[in-house]
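Visitor: I'd like a close look at one part of this model, the sheet that the two chains build together. Could you walk me through that, and then show me what else sits around it?

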There are 2 protein chains.
Amino acid sequence: MIAEILSTGDEIRTGTLVDTNSAYIAQELEGMGVRVLRHLTVGDDLTELAAVLQEIGSRADIAVVTGGLGPTSDDLSAEAAASAAGVPLVLDPEALRRIEGFFDRIGRPMGDNNRKQALLPESAVRIDNPIGSAPGFHLLIGKCRCFFLPGVPLEMKRMLRESVLPTIDTLLGSGARPIRIVTTLSSFGYGESMTAEKLTGFDEAFPDIRLGYRAKFPEVQIKLYLEGTDRLKLEARSLEAAGWVKERLGGRVFSDRGESMPEVIGRLLVERGATLAVAESCTGGLISHWITNVAGSSRYFLSAAVTYANEAKCRLLGVSPEILLRHGAVSEPVIREMAEGVRRMSGANFGLATSGIAGPDGGTPEKPVGLVWIGVSTQENGTSARSFQFRYANREANKQMFAMTALEMLRRTLCQNS
Amino acid sequence: MIAEILSTGDEIRTGTLVDTNSAYIAQELEGMGVRVLRHLTVGDDLTELAAVLQEIGSRADIAVVTGGLGPTSDDLSAEAAASAAGVPLVLDPEALRRIEGFFDRIGRPMGDNNRKQALLPESAVRIDNPIGSAPGFHLLIGKCRCFFLPGVPLEMKRMLRESVLPTIDTLLGSGARPIRIVTTLSSFGYGESMTAEKLTGFDEAFPDIRLGYRAKFPEVQIKLYLEGTDRLKLEARSLEAAGWVKERLGGRVFSDRGESMPEVIGRLLVERGATLAVAESCTGGLISHWITNVAGSSRYFLSAAVTYANEAKCRLLGVSPEILLRHGAVSEPVIREMAEGVRRMSGANFGLATSGIAGPDGGTPEKPVGLVWIGVSTQENGTSARSFQFRYANREANKQMFAMTALEMLRRTLCQNS
């Protein structure tokens, strides 16, 4: 079964508003085994809207249309649907009663133009709107069952869930529907193209699995799409393919359950009953921000010191002024003192520290922009430090790369110390 | 001149990713007087992609296509473009040289499959990518000049601005083209619909100016589009309208030159020769991250203490354990001690502190999720503290709202202390 999604309205057409409805609808449809072929957007133009509906009617089996059901003169969806289906608009008395009831409930007078919202294409089936004034409807245009919903996300989502999806489910019938499984492997360390190269041969080894990539800088997600009728078999096959990918990427896959890197760090710390403190120079608070985005992070995250000024490194982390002066802030001796200092002074089990040059200024021939030192200090196995050199022109990209590399170094330490 | 916008990729088709590129491109095109007729989305499917390109080629004069230029097997845009235009793919030696140069610059080996990115349709004109590996290109399909850009927003925007829009400008012809001026007012404090309501009457007062909104949560940008032939007159008129908007929004406009809030804070601190230190509890490092995203922030940003644990509030900020125990971390006495403590201990001129409940857990009837205390401590005018209650369900939204509100409070203090 093929679906298309149409969003309408000049605000979306001209880009004043980003259309988030279509992505939501696509996820719901794909999740129930309906293949979404296209999304379309057109403005508040009767001719164009009717033309697009007829095109969709010749291509798709079902369509979900959002927007254009309001009371104003640029709300044209019902008229366009009637025109595309070749039927007149007629007053739906029950729709009118419900619109009147809505205004009663919110205690506002109903405008004359709200009456227009009860005019539906003659062949349409009404979809009640439990939280707004605009009723939806569905009807056949060409070979396509078209569902019309309001553009307001809250109303659209409720009506989609409560009315549209159950109706589509009935249309799909109860026959042998394929089961779909998607496995997400999150990796860090290779870019998208290097990842793809490392996975050359996947299609031959697993011709029954579709492979997808998504670069969420600085991580790369690998997606495995499986389809079949036997869930247990699909899951076993997915596990096999995930193992193949992990081996090819040599430890760079940090989650096979869709977790973010900070979520993995949090899980590992909780599993070990351990706590963390962070000392950030060049990452400027980004590591702490990521870690505290995870709900429940207060269980393992004690504190961070963002020590931009050298004086702060000494005062908050106990870095020795002599060592700072002799080696500079971006150096192995200083990063070791930062990692150890933040762990010791906070009483945490693990200390993580960064010091580097995010740019665009501040680089020297010996210590160029993109250089970062990272230190991980543990209670039981001492402190390790490593430097990395990145070559991004962009300050924010450097910060993200530094922060992700630091978390990856901590993750590997946590996995060794288990 | 009629334009269409096509975004490609299974991630967008299936709704895993919300397409923000199309709205951006639509705004830019409409802003230069090109009418956008439709947006379309299709997945990584060669046949479907080529079919859509041919349809667009029969309808539009120009098209901007995003995505599908990467190195992997599901990157199919060049192949589809060649097929739709009826030309072969050929190696572009200069594109290859530039891809090699890119990998040289970032210090990573170039994969074999990156070579594929240098294969362009025979009739195509290359569009260089200054910050990524994927070159773009444009060519004629049917009657339509189609511009192909990467899907990565940063690369897309840069190539659109530097190459595509100037080319379209040339296509539009050099006749007596009107001058266009766009003024961006960045505001914080009202949502998009409240902002629009406050600006009711603008169209009557300034019928010659088009008003646009862009919600960049948690800020709202107000755009004023002017068109005419006399630049000085347009600029004066724009200034007048900007003043009208600022008055209606009562001090909530924080920049009329496109700055971000952290950039405004940085500028104000530099102008005053002052320094800042931050104490973050519920914002977890986000304020520091934002501030250090600004190049040159080391001139005024000394340090931050992200004090999640209570013990850290006492140790790093000098908060009294008794006051913490008596009033709880989210309270006026504690936020005052945090703001004063971080200023005093760091030696900064200004101290900014946050303590609140970002959720989803940790709320109580007296201190519900969304409550935040913010403190600003100054050397000369003492310390002020205020609480705010937000009602977002989402932890990240709360963190962003808390951080922005704190920076806004600091901004107002800086403006008073000038």
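Guide: Here is a walk along the shared sheet, followed by a look at the helices, loops, charged pairs and cysteines elsewhere in the two chains.

Keep in mind that this is a predicted model. The predictor gives the complex an ipTM of 0.76 and a pTM of 0.76. Chain A averages a pLDDT of 93, and 99% of its residues score at least 70.

Now the sheet. It is an open one with 10 strands, and the pairing is mixed. Start in chain A and read across: β17(A), β16(A), β15(A), β13(A) and β14(A). There you cross into chain B, where the order carries on as β14(B), β13(B), β15(B), β16(B) and β17(B). So which strands sit at the edges? They are β17 (383-389) of chain A and β17 (383-389) of chain B, each of which pairs on one side only. Neighbouring strands are turned by 10° against each other on average, if you ignore direction.

Zoom in on one pairing in the chain B half. Strand β13 (residues 276-280) and strand β15 (residues 350-356) of chain B run parallel, joined by 5 bridges. If you want a spot to click on, take B:V278, whose bridge partner in β15(B) is B:L352.

Next, what lies across these strands? In chain A, helix α15 (residues 395-416) lies across β13 (276-280), β15 (350-356), β16 (371-378) and β17, and runs at about 30° to β16(A). Over at the point where the chains meet in the sheet, helix α12 (residues 310-317) of chain B lies across β14 (301-307) of chain A as well as β13 and β14 (301-307) of chain B. That helix runs at about 150° to β14(B).

Follow β15 out towards β16 and there is a nice detail in the loop. A:P360 lies in the loop between β15 and β16 of chain A, and a cis peptide bond joins A:G359 to A:P360, with omega at about 0°. Chain B has a cis peptide bond between B:G359 and B:P360, again with omega at about 0°. B:P360 is in the loop between β15 and β16 (371-378) of chain B.

Away from the shared sheet, have a look at strand β9 (residues 179-187) of chain A. This strand is mostly covered, with 7 of its 9 residues buried. Strand β11 (residues 219-228) of chain A runs antiparallel to β9(A), and 9 bridges join the two. Strand β12 (residues 253-255) of chain A also pairs with β9(A) in the antiparallel sense, over 2 bridges. A:S187 is a handy marker for both pairings: its bridge partner in β11(A) is A:V220, and in β12(A) it stands opposite A:V253.

Then there are the charged pairs. Side chains of opposite charge can pair when their charged atoms come close. The count over all chains comes to 52 salt bridges. Take A:R59 and B:E55, whose closest N and O atoms are 3.9 Å apart. A:R59 lies in helix α3 (residues 46-59) of chain A and B:E55 in helix α3 (residues 46-59) of chain B, so this pair joins two chains. A:R59 is partly exposed, with a relative accessible area of 21%, and B:E55 is partly exposed too, at 23%.

Another salt bridge, A:R97 with A:E94 (2.9 Å, N to O), is a local affair: both residues lie in helix α5 (residues 93-106) of chain A, 3 residues apart, or about one turn of the helix. A:R97 is exposed at 51% relative accessibility, whereas A:E94 is partly exposed at 25%. Both belong to a network of salt bridges that also links A:D92, A:R98, A:R126 and A:D128.

A:R237 and A:D208 meet at 2.8 Å, N to O. This pair links distant parts of the chain, 29 residues apart: A:R237 is in helix α9 (residues 231-248) of chain A, and A:D208 is in the loop between α8 (202-205) and β10 (210-216) of chain A.

Last, the cysteines. The count is 0 disulfides over all chains. For A:C314, the nearest cysteine sulfur is that of A:C282, 17 Å away, and a disulfide would need the two sulfurs within 2.5 Å. A:C314 is partly exposed at 22% relative accessibility, and B:C415 is partly exposed at 37%.

Terms used. Residues numbered from 1 in each chain as written. Chains lettered and ligands numbered in written order. Predicted model: local features only at pLDDT ≥ 70, side-chain atom pairs only at ≥ 80, totals over all residues. Heavy atoms only, no water. Buried < 20%, exposed > 50% of the residue type's maximum accessible area, 1.4 Å probe, protein only. Pairing = 2+ DSSP bridges. Helix = DSSP H or I, 4+ residues; strand = E, 2+ residues; numbered from the N terminus. Axes fitted to C-alpha atoms, helices over the stretch in contact; angles between N-to-C directions. Contact = heavy atoms within 4.5 Å. pLDDT = per-residue confidence, 0-100. Salt bridge = Lys/Arg side-chain N within 4 Å of Asp/Glu carboxyl O.
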